[in-house]
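Thanks for making the time this morning. I would like to walk through one chain with you, starting from a single side chain and working outward, so please have the viewer open.

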Amino acid sequence: PGTYYAFVASSTASVELSVRVDPPTLPPTNETCATVTNVVPPFAITGSFVGVSDDLEIACGQPLSGELVYTFSVPPGPAQDAVVAFSSTSGADAMRFSLRTGCADPGSELGCVRGSPAGGRFRSLPPGDYALILEGSAEREVDFGFELRLEPGTSAPPGDGCGNAIDTPLNEIVHGTLSDKRDAIRTSCGFFYRDSVHRFVLPTASDVAIDLLAGENGTAYVSGSLADTCGPVFAPPDALCGGGAPAQLLHFGLPAGEHFLVVEAAGAPNYQLEIRTSPPTQVTAASGNDTCMEAIVIPDVQKAVFVGDTSSLANDVQSPYCGSGASSPDATFLFELNVQSTVRLSTTGSSFDTVLHVFLEGAQCSNYPYACDDDSGASGRALIQRDFPTGRYHVEVDGYREHSSGSYVLTFERGPFLP
């Protein structure tokens with residue numbers, strides 16, 4: 001008994017607050033690895049995260065989200081699959097869970113799943129003890145349902161992990177599914193959703209363009225990550241990652257030999273990919289082009305491709321018109337037109353969320369850009385295609401907001417272009 005106060009904040013003009021008083025309930029006791037609840041599959045329970053604190057960290061977790069810990073055993077005998085279903089029963093909140101062989105050991109994690117609902121199949125677990133760490137929402141204390149069962153052990157399907165990569169032909173459309181996969185690989189542009197691993201071999205060094213589609217008419221977000229080796233993490237600078245609806249990865253002069261592609265999508269079990277190859281393009285390495293005064297001159301050619309890295313450069317250009325301020329490190333180029341021309345500028349193939357600015361030379365890369373773009377190109381990269389009058393123009397390869405930098409590709413092309 002007593003007096004309690006509720007503090008409410010909202011960006012709307014009016015707020016409706018309802019309060020319900022129910023009979024008191026005891027909070028869960030299995031919040032830590034020292035106070036786990038041991039269960040025997042098949043097992044199902046409903047519960048609540050009310051009053052549950054954030055005591056543990058899981059790979060796909062969210063800060064300030066409470067956790068509950070359950071342990072179970074695979075009995076002696078043949079390996080078995082553990083099938084887990086975990087969802088919010090009081091809304092559509094994203095839920096997360098981690099399976100470990102040692103509750104307090106993050107390095108023993110066998111997988112981390114995020115979803116609404118979250119579910120997964122952990123295949124052919126050997127006899128032994130396991131811990132499931134369930135994590136709720138950070139925004140509110142939700143009610144939940146949790147189910148666990150054991151089934152006879154099964155083998156991983158093709159594409160489920162590096163050891164089972166799908167051998168994929170070149171220059172052919174290939175269809176795949178994520179419905180029977182797990183989240184086996186961490187990528188720099190992925191979101192802890194199910195993924196599929198493909199392997200392809202280049203007989204000679206080639207330019208490679210990878211087209212990805214997912215969902216009905218390619219409307220679902222899909223990401224791809226490309227690397228020369230396959231492991232639990234695909235991350236820059238060893239991996240190129242990009243996503244979109246649809247998505248495209250572009251790599252100039254990919255060496256001959258074995259390469260791996262991770263495809264990931266949310267809410268879209270089926271996907272399509274094509275790995276297109278072409279003879280290597282001549283690429284120019286760009287460096288030292290930090291400011292307008294240090295701009296690299298683009299030659300008077302039909303097409304030129306530059307590769308560089310903005311990580312060590314300064315933030316010299318900021319624009320309120322594209323890229324939410326685009327206050328990341330930037331690189332500068334200069335091109336000249338003797339006649340009015342159609343020009344295409346693209347950053348497809350870059351490793352980060354790029355922004356393009358074009359300034360008249362006299363503007364010294366400040367004030368109003370003549371043109372700018374953030375996400376019009378493939379996989380959310382920047383693309384500008386328009387007619388430019390005679391003159392000299394500075395091109396800035398920038399990044400979204402203040403945290404986007406890394407390896408980039410700038411492709412300059414003169415028209416005319418096919419419709």
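Is Arg121 buried, partly exposed or exposed? The model in front of you is a predicted one, and in it Arg121 has a relative accessible area of 29%, which makes this residue partly exposed.

Let me stay with Arg121 for a moment, since several contacts meet there. Its side chain forms a salt bridge with the side chain of Asp81, with 3.1 Å from N to O, and this pair links distant parts of the chain, given that Asp81 sits in strand β4 (residues 80-88) and Arg121 in strand β7, 40 residues apart. Asp81, for its part, has a relative accessible area of 0% and is therefore buried. A salt bridge also joins Arg121 to Glu151, here at 2.8 Å from N to O; Glu151 belongs to strand β9 and Arg121 to strand β7, so this pair ties together parts that are 30 residues apart in sequence. With Arg149 added, the residues Asp81, Arg121 and Glu151 make up a network of salt bridges. The count of salt bridges comes to 18.

Another of these pairs is Asp93 with Arg140, whose closest N and O atoms are 2.7 Å apart. Asp93 lies in the loop between β4 and β5 (95-100), and Arg140 in the loop between β8 (128-135) and β9, so the pair ties together parts that are 47 residues apart in sequence. Asp93 is buried, because its relative accessible area is 13%, whereas Arg140, at 37%, counts as partly exposed.

Now to the sheet that carries some of these residues. In what order do its four strands run? The order is β2-β9-β4-β7, the pairing is antiparallel, and the sheet is open. Its edge strands are β2 (43-48) and β7 (118-125), each of which pairs on one side only. From one strand to the next, the twist averages 15 degrees. Looking at one pairing in detail, β2 and strand β9 (residues 143-152) are antiparallel over six bridges, and Gly47 has Phe144 in β9 as its bridge partner.

A residue to look at alongside this is Val74, in strand β3 (residues 67-74). With a relative accessible area of 3%, Val74 is buried, and its contacts beyond four places in sequence include Leu125, Tyr130 and Leu150. Its C-alpha atom is separated by 9.2 Å from that of Val40, which is 34 residues away along the chain.

Moving further along the chain, I would like to turn to Glu396, which lies in strand β29 (residues 391-399). Which side chain of opposite charge is nearest to this buried residue? It is Arg392, but at 13 Å, and Glu396 has no salt bridge. What Glu396 does have is a polar contact of 2.8 Å between its side chain and that of Thr332. The two residues also stand opposite each other, Thr332 in β24 facing Glu396 in β29, within a pairing in which seven bridges join these antiparallel strands. Beyond its sequence neighbours up to four places away, Glu396 touches a further set of residues, among them Cys292, Asp330, His357 and Cys365. Strand β24 is mostly covered, with six of its seven residues buried, and it also pairs in the parallel sense, over two bridges, with strand β22 (residues 296-297); there, Ile296 stands opposite Phe333.

Finally, a few words on backbone geometry, which you may wish to check before setting anything up. Most residues other than glycine have a negative phi, and most peptide bonds are trans. The bond from Pro41 to Pro42 is cis, with omega near 0 degrees, and Pro42 lies in the loop between β1 (37-38) and β2. Ala245 and Pro246 are likewise joined by a cis peptide bond, with omega about 5 degrees, and Pro246 is in the loop between β17 (239-244) and β18 (247-254). As for phi, Asn217 has a positive value of about 60 degrees; this residue is in the loop between β14 (206-214) and β15 (222-227) and, at 72% relative accessibility, counts as exposed. Ser324 also has a positive phi, near 50 degrees, in the loop between β23 (303-309) and β24 (331-337), and at 48% it counts as partly exposed.

How values were computed: Residues are numbered from 1 along each chain as its sequence is written. This is a predicted model: local features need pLDDT of at least 70, side-chain atom pairs count only at pLDDT 80 or more; totals for chains, interfaces and linings use all residues. Side-chain values use heavy atoms; hydrogens and water are left out. Two strands pair if DSSP finds at least two bridges between them. Axes are lines fitted to C-alpha atoms, for helices over the stretch in contact, and angles run from 0 to 180 degrees between N-to-C directions. Buried means under 20% relative accessible area, exposed over 50%, partly exposed in between (1.4 Å probe, protein chains only). Lys and Arg count as positive and Asp and Glu as negative; His and the chain ends are not counted. A salt bridge is a side-chain nitrogen of Lys or Arg within 4 Å of a carboxyl oxygen of Asp or Glu. A polar contact is a pair of N or O atoms within 3.5 Å; within protein, one must be able to donate a hydrogen and the other to accept it, and residues adjacent in sequence count only if both atoms are side-chain atoms. Contact means heavy atoms within 4.5 Å.
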